[in-house]
Amino acid sequence: MNVCVTALGPTEDAEVDPRFGRCAYFVFFNLHTRVVEAVKNPNVEASGGAGIQSAQLVASKAAIVVTGHLGPNAFKTLNAAGISMFTGATGTVKEAVAAYEAG
């Protein structure tokens, strides 16, 4: 199962990006294999609809999202796709994943 954490950089040591739709990177962390994959967010510079487009990208690769904040359009899109969402994340990607795993 993949967890997607919004991040300022492409590694698990990067800080969590508080934004979802316009975050710098999506870091996908597989909870079973511990494999990390980073995807540069193509929607950073979008003139509109960044939250929806980012949610569609993430929904195709993860079952869980951990971020600082979700806008209403991103929330609706992720919710419709059945993605679990956790907001208020801070620290590094590694710390955010550990906090999710700890409950």
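**View 1. The S2–S3 hairpin and its turn.** S2 and S3 make a hairpin with five residues between them, and arginine 34 in that turn has a positive phi of about 70°. This is a predicted model, so treat that phi as part of the prediction. The two strands run antiparallel and are joined by five bridges. If you want one rung to zoom in on, phenylalanine 26 has valine 39 of S3 as its bridge partner.

**View 2. Arginine 34 again, this time with its salt-bridge partner.** The turn residue arginine 34 forms a salt bridge with glutamate 101, and the closest N and O atoms sit 2.8 Å apart. This pair links distant parts of the chain: arginine 34 is in the loop between S2 and S3, glutamate 101 is in helix H3, and the two are 67 residues apart. How accessible is arginine 34? Its relative accessible area is 42%, so it is partly exposed. Glutamate 101 also comes out at 42% relative accessibility, which counts as partly exposed.

**View 3. The whole sheet, edge to edge.** Zooming out a little, five strands build an open sheet in the order S3-S2-S1-S4-S5, with mixed pairing. The edges are strand S3 (36-40) and strand S5 (84-86), each pairing on one side only. On average, neighbouring strands in this sheet are turned by 20° against each other, direction ignored. As general background, strands of a sheet pair through backbone hydrogen bonds, either parallel or antiparallel.

**View 4. Two pairings, two senses.** S1 and S2 pair in the antiparallel sense over six bridges. One of the rungs to look for there has asparagine 2 bridged to asparagine 30 in S2. Over at the S5 edge, strand S4 (residues 64-66) pairs with S5 in the parallel sense, over three bridges. Here isoleucine 64 has serine 84 of S5 as its bridge partner.

**View 5. Strand S2, covered on both faces.** Is S2 mostly covered or mostly open? Mostly covered, with six of its six residues buried. In a regular strand, side chains alternate between the two faces of the sheet. For S2, Tyr25, Val27 and Phe29 lie on one side and Phe26, Phe28 and Asn30 on the other, all of them buried.

**View 6. Helices lying across the sheet.** Helix H1 (residues 50-59) lies across strand S1 (2-7), strand S2 (25-30) and S4, and runs at about 20° to S2. Helix H3 (residues 93-102) lies across S1, S2, S4 and S5, running at about 140° to S1. On the confidence side, H1 is where the mean pLDDT is lowest, at 95, while S4 has the highest, at 98. The protein as a whole averages a pLDDT of 95, and 100% of the residues score at least 70.

**View 7. Two nonpolar cores.** Nonpolar side chains in soluble globular proteins tend to be buried together. The largest nonpolar core has 15 residues, and the ones with the most contacts inside it are Cys4, Phe20, Phe26, Phe28, Val58, Val65 and Leu78. S2, H1 and helix H2 (72-80) are the elements that give two or more residues to this core. A second, separate core has 14 residues, including Val3, Ala7, Val27 and Val97.

**View 8. Up close with valine 65.** Which residues does valine 65 touch, leaving aside its neighbours within four places in sequence? The list runs Cys4, Phe20, Val58, Leu78, Ile83, Ser84, Met85 and Phe86. Cys4, Phe20, Val58 and Leu78 also appear, with Val65, among the residues with the most contacts inside the largest core.

**View 9. More salt bridges.** The structure holds four salt bridges. One of them joins aspartate 17 and arginine 19, with the closest N and O atoms 2.9 Å apart. Is aspartate 17 buried or exposed? At 1% relative accessibility it counts as buried, whereas arginine 19 is partly exposed because its relative accessible area is 43%. Another brings the side chains of lysine 61 and glutamate 37 together at 3.3 Å, N to O. That pair also links distant parts of the chain, with lysine 61 in the loop between H1 and S4, glutamate 37 in strand S3, and their positions 24 residues apart. Lysine 61 is partly exposed at a relative accessible area of 30%, and glutamate 37 is partly exposed at 37%.

Key
Residues numbered from 1 in each chain as written. Predicted model: local features only at pLDDT ≥ 70, side-chain atom pairs only at ≥ 80, totals over all residues. Heavy atoms only, no water. Pairing = 2+ DSSP bridges. Helix = DSSP H or I, 4+ residues; strand = E, 2+ residues; numbered from the N terminus. Axes fitted to C-alpha atoms, helices over the stretch in contact; angles between N-to-C directions. Contact = heavy atoms within 4.5 Å. Buried < 20%, exposed > 50% of the residue type's maximum accessible area, 1.4 Å probe, protein only. Core = buried A, V, L, I, M, F, W, Y, C linked by side-chain atoms within 4.5 Å. pLDDT = per-residue confidence, 0-100.
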